[in-house]
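Visitor: I'm new to reading protein structures, and I'd like a close look at one small part before we look further around. Please start at the end of a single helix and take it slowly.

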Amino acid sequence: MSFDNKKLLAVKDLATTFHTAGGDLPAVGGVSFDMESNQTIGIVGESGSGKTVLSRTIMGLQQRTNVTVTGSVLLSGFEMVGASEDEKRERWGTEVAMIFQDPMTSLNPVMKVGKQIDETLRVRLGMSKADAKARAIELLELVGIPSPQYRYDAYPGQLSGGMRQRVVIAISLACSPKLLLADEPTTGLDVTIQAQILNLLEELKERLEMSVILVTHDLGVVATRTSRIIVMYAGRIVEIGSTREVFAHHRMPYTRALLESSPKVSNASHTRLTTIPGRPPNLLKLTQGCSFAPRCSYATEKCHVDRPELEAADEPGHMFACWNPLPKTRRTVKK
Amino acid sequence: MLRYVLRRIVMLIAICFIISVGSFYLIHLLPGNITTVIEGPGASPENQAKLYKLLGLNKPIYQQYFVWIGNVLRGNLGTSFISQTSVASTIRAALPIDLEIMFLSQILAFATAIPIAMRSARKPDGWLDRTFSAGSFTLLSVPTFIVIVLMVLFISVKLGVPHTGPSSYVSFSQDWIGNLESLALPAVALAIGSFVVYYRVLRSDLIATLQEEFITMARSKGLSQRRIMWRHAFRPSSVALLGAAGVNIGGLLASGFVVQYLLNIPGLGYTLISAINMSDYLLVQGIVLVVSVGVVLINFIFDFIINIVDPRISRE
């Protein structure tokens, strides 16, 4: 096994298939990308594009029944795909941690939040009860919770959504993971709280020298906070590249459609947002062709029968999957 | 939390009052004249009238109630006309047997239902889950009195285990091993019914809880399966279990009575049934009162435990 110190994460041909009553559902189909230390990358796409499944598969958190995972996920050189629960458990929390989407459901409702933090410290780091409590209060303070020594004894139901998400972040940071998977960390929160949480994540990432994968459907979230973006559609990567390049010189029509459907400050008020017509495909009935073809205004005969593979664009590392890419224009896109 | 408890205590007192009125009125609902029962059918009308007055039955009914409840609160439930013994002391002698049977059966039921439900829920549709889910249905449909008869047949008669057959009750102070033996069959018979209820309730709640996001979150923290099951899944899943236990124990008293009667175990159930047969009204009244208040208290205690287990309930 080659061990590359710089490569924190190497995902190769990763595919996750759920075996459902309606047939096999390829939620993630052949995803490959690399990630270096101290990077923040964004995974974007509509609901149902496989972002959440992808992030859970990277972590190895998928349920054990009715799922098949193929391909490879090398996390600091360790193969997560096919690893036993015990082997993965050793890495969860310490190597890789996850922030869940909905802070209303991701905390245990009948356990004090402090206990949910110091449990990790005691079980994983072998801290004493008193040390763990002190550290838990420190962590609560780190994520910006006022009067942490009192909040330590609060139940999740006594905290607001934003507070709860801060607690979730504190839990995920407890064992100083190298990689943090943030799965739509702000979707369930108010807009003002969203910015706070995202800024907090960014700040913590710098301070604790972590790498972050930010999964979101909101391009505004990734625009300024990530160095690379992965655009997903129907379980596959359709465009990948540096954030600047993807925003400015995207080639895949889906990426453009996504960009056009998110609101911009520069727009005049009451501007109607462009929507992407149709809905993401039923993954049980995928065709041979490009999954986006039915909704794409550029689609040709070929798009419906033959699936495009990722091909390199101008800038190194920028790739897209499209038979009829958008022309290379030097447009300036306001962020 | 404190306010919640105070509110529950006020309600508890109200319910106890209603029970006391009910069990007091029970005697007045009975047909016939109580003096005939006491003095026999041949009693002269003058004697009957005298006794009527002596018992205070000529006073208005609410006055009678206050006199009676005053005595009850001081621990005096009256003296049986039939056996001429204090009702309170009769109950005091019989009650520990009921409590012991109840205690043993519940310990058995919880000690088996919880670990088996935990294992079942971890692998729903696994062999263990299938076996117990199907098996518990079968057990649920067999009445306790059949179970007792079968157990007596096999354990007492065929295997000859001492003190297990009918009429072989041994008191705890006499011989504690013999005592346990003599209460083993009723405890097991009652435990079977409770096991089925607890197992099914806990299993289905656990399966639902294990689908929750916070369980995935707990996994992602790198906690062991065992810790996740006991520390994270069990507590939020046990609310319905505790509620079921509170209700079940009330029902269990009744099946306990049947079992006591079948095995001639001199607990409250047995005493109650004999009292009814002998028209010992005061004893019936006393037992009904004690048992009803007991059931209410048990439910109160379980409500309280549920609140500790799930702090969300009292916050609403």
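Visitor: Which residue follows H7(B), and is its phi positive or negative?

Guide: Happy to help! One thing to keep in mind is that this is a predicted model. The residue that follows H7(B) is Gly160(B), and its phi is positive, near 65°.

Now step back into the helix itself. H7(B) covers residues 144–158 of chain B, which makes 15 residues. From its first C-alpha to its last it reaches 20 Å, close to the 21 Å expected at 1.5 Å a residue. Follow H7(B) along and you will come to Val152(B), where the helix bends by about 25°.

Let's zoom out to chain B. Its domain assignment gives domain 1, residues 2–73, and domain 2, residues 88–315. Taken over C-alpha atoms, the centres of these two domains of chain B are 33 Å apart. The domains also touch: 14 residues of domain 1 of chain B are in contact with 13 residues of domain 2 of chain B. On the domain 1 side, the elements that give two or more residues are helix H1 (2–29) and helix H2 (34–39) of chain B. H1(B) has the largest share of that side, with eleven residues. Sorted by class, the domain 1 side of this contact has eleven nonpolar, two polar and one charged residues.

Next, look across to the partner chain. The contact between the chains takes 22 residues from chain A and 19 residues from chain B. On chain A's side, strand S6 (96–99) and helix H3 (113–125) each supply at least two residues. H3(A) gives the most to this side, with three residues. The chain A residues that touch chain B divide into twelve nonpolar, seven polar and three charged.

Since we have arrived in chain A, let's visit its sheets. One is an open sheet of four strands in the order S2-S1-S4-S5, with antiparallel pairing. Strands S2 (23–36) and S5 (78–79) of chain A stand at the edges with a single partner strand each, so one side of each has no neighbour in the sheet. Further in, strand S1 (residues 7–20) and strand S4 (residues 67–75) of chain A pair in the antiparallel sense over eight bridges. You can pick out Leu9(A), which stands opposite Leu75(A) in S4(A). Helix H1 (residues 51–59) of chain A lies across S1, S2 and S4 of chain A, at about 65° to S2(A).

There is also an open sheet of eight strands in chain A, with the order S6-S7-S8-S3-S9-S10-S12-S11 and mixed pairing. At its edges are S6 and strand S11 (311–312) of chain A, each pairing on one side only. Within this sheet, strand S10 (residues 236–242) and strand S12 (residues 319–320) of chain A form an antiparallel pair over two bridges. Here Ile240(A) has Met319(A) in S12(A) as its bridge partner. H1(A) packs on this sheet too, touching strands S3 (40–44), S6, S7 (179–183), S8 (211–216) and S9 (228–233) of chain A, and its direction makes about 155° with that of S7(A). Helix H10 (residues 253–260) of chain A packs on the sheet as well, where it touches S3, S9 and S10 of chain A at about 100° to the direction of S9(A).

Technical notes:
Residues numbered from 1 in each chain as written. Chains lettered and ligands numbered in written order. Predicted model: local features only at pLDDT ≥ 70, side-chain atom pairs only at ≥ 80, totals over all residues. Pairing = 2+ DSSP bridges. Contact = placed C-beta atoms within 7 Å. Axes fitted to C-alpha atoms, helices over the stretch in contact; angles between N-to-C directions. Nonpolar A, V, L, I, M, F, W, Y, C, P; charged D, E, K, R; others polar. Expected span 1.5 Å × (residues − 1). Bend = angle between axes of the 7 residues up to and from the residue. Domains from an automatic or database assignment.
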